[in-house]
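User: I'm new to reading protein models and would like a close look at the charged side chains here. Walk me through where they sit, what they pair with and what lies around them.

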Amino acid sequence: MKALVFTDVKKMEIEDIDTPKVKPNEVRINTAYAGICGTDHALYNGLPGSADAVPPIVFGHENSGIVAEVGADVTNVKVGDRVTVDPNIYCGQCFYCHTDRPELCENLSAVGVTRNGGLEKSFTAPATVVYAIPDDVSLKAAATVEPISCAVHGIKLLHLTPYQRALVIGDGFMGQLFAQILQAYGVHQVDLAGIVDEKLKRNKEQFGVKNTYNTTRDAIPANYDVVIEAVGLPQTQEQAVEATRKGAQVLMFGVGKPDAHFEMNTYEVYQKQLTIQGSFINPNSFEDSIALLQSGKLDVESLITDELSLDQVEGVLQGKTKVASKAVVKVGD
């Protein structure tokens, strides 16, 4: 079968590989769509994702598809079901799994990172991470459940109430997702800061954002109860802390380079009684994410700007092909 294989750092090849065999607790899925995200860029360049990707491996940790085969012990889905897959597989035995923090699992494995993922015609996953999707959620939208779930996990780490004013820094796909999800969770004012005027305008006119700031020219007021940093650059991380009022919460969601640092005023953290929170992957967030999609409170298909074929993926990961907001790969027929 056809697969896009990561064969070495900054190198991918389309290959004909064997269809994977299903273990008793596994499901084989014919891929419909696979999303491309920042983690794939990092892995392609030899940087870590949720775990290390050792070539040869097939990327594709954001995916949707149709169940083609189930193992003898599988009961939660059947052949023909439309599904999406949580890529993260926890060991269930380490200290972090035993203390209800599976996202920090010491033996984490992941579909599309440590085992073959959705950038191939058919892939397998343990049944425990396979989720059926409702008929009124498209397969294209279902390929975004994984990034939605990462945002939902970050939201769950915060204490949210309706009176709050929230700011999202970053007008990429994840930043725009957060702007919608915060509103879905009841925050009454959500503002967005970024660098692309067209995106900022669209979020204000179409997605309920109240105020926008172009950070190349606009000052951000320091009056926010919740600030979500969805870029991962030292300058935007500093902006996130500086945009807070007393008692605020800052979610550092954007993935920075492993050796990057940012500066902050430690007295301000003390004097404002700030909470600065990291967020890693997506434990136990798929059901909420699917429900948000089904409710209509999230419009993800409007944020999907590029539909690729397998042979176009490497150009995106190299930076030669630009993506306006979000790219998905149409793998199935």
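Analyst: Let's start with the term you'll need most: a salt bridge is a side-chain nitrogen of Lys or Arg within 4 Å of a carboxyl oxygen of Asp or Glu. Keep in mind that you're looking at a predicted model. By that rule, the count comes to 9 salt bridges. Let's visit three of them.

An easy one to find is the pair Lys 272 and Glu 268, whose side chains meet with N and O 2.7 Å apart. These two residues sit in helix H8, 4 residues from each other, which is about one turn of the helix. Are they buried or exposed? Lys 272 and Glu 268 are both buried. Helix H8 covers residues 266–272, and the loop between that helix and strand E15 (275–278) holds Gln 273. Gln 273 counts as exposed because its relative accessible area is 64%, and the cut-off is over 50%. The backbone there is worth a look too: Gln 273 has a positive phi, about 55 degrees, even though it isn't a glycine.

The next pair reaches much further along the chain. Lys 326 makes a salt bridge with Glu 62, and their closest N and O atoms are 2.7 Å apart. Here the partners come from distant parts of the chain: Lys 326 belongs to strand E17 and Glu 62 to strand E4, with the two positions 264 residues apart. Lys 326 is buried, and Glu 62 is as well.

For the third bridge, turn to Glu 307, which pairs with Lys 140 at 2.9 Å between the closest N and O atoms. Glu 307 lies in strand E16 (residues 304–308) and Lys 140 in helix H3 (residues 139–142), so this bridge ties together parts that are 167 residues apart in sequence. How open is Glu 307 to its surroundings? Its relative accessible area is 39%, so it falls in the partly exposed class, between 20% and 50%.

Glu 307 also leads us to another charged residue, Lys 330. Leaving out residues up to four places away in sequence, Lys 330 touches Ala 32, Tyr 33, Glu 307 and Leu 308. You'll find Lys 330 in strand E17, which runs over residues 326–330. Lys 330 is partly exposed, with a relative accessible area of 32%. One of those contacts is a nice example of folding bringing sequence positions together: Lys 330 and Ala 32 are 298 residues apart in sequence, yet their C-alpha atoms are 6.1 Å apart. Where does the side chain of Lys 330 reach? It gets to the backbone oxygen of Gly 332, at 3.0 Å.

Gly 332 is a handy signpost for some empty space. The second largest pocket has a volume of about 330 Å³. It is lined by 15 residues, and those closest to its centre are Thr 31, Lys 121, Val 331, Gly 332 and Asp 333. Strand E3 (residues 26–36) gives the most to this lining, with 4 residues.

Now for a charged residue that breaks the pattern. Glu 314, in helix H10 (residues 313–318), is buried but has no salt bridge. Why doesn't Lys 320 count as a partner for Glu 314? Lys 320 is the nearest side chain of opposite charge, but it is 7.9 Å away, so the pair misses the 4 Å cut-off. What does Glu 314 have instead, at 2.7 Å? There's a polar contact between its side chain and that of Tyr 44. Apart from residues up to four places away in sequence, Glu 314 touches Lys 10, Lys 11, Met 12 and Tyr 44.

Follow one of those neighbours, Lys 10, and you land in the loop between strand E1 (2–8) and strand E2 (11–16). Lys 10 has a phi near 60 degrees, a positive value in a residue other than glycine. Tyr 44 takes you elsewhere: helix H1 spans 38–44, and the loop from there to strand E4 (62–70) contains Pro 56. In that loop, Pro 55 and Pro 56 are joined by a cis peptide bond, with omega at about -5 degrees.

How values were computed:
Residues numbered from 1 in each chain as written. Predicted model: local features only at pLDDT ≥ 70, side-chain atom pairs only at ≥ 80, totals over all residues. Heavy atoms only, no water. Buried < 20%, exposed > 50% of the residue type's maximum accessible area, 1.4 Å probe, protein only. Lys, Arg positive; Asp, Glu negative; His and termini not counted. Polar contact = N/O pair within 3.5 Å; in protein donor to acceptor, adjacent residues only side chain to side chain. Contact = heavy atoms within 4.5 Å. 1 Å grid on protein atoms, 1.4 Å probe; cavity = no way out; pocket = protein on both sides within 12 Å on 5 of 7 lines; lining within 4 Å. Points joined across faces, edges and corners; volume = space filled by probe spheres on them.
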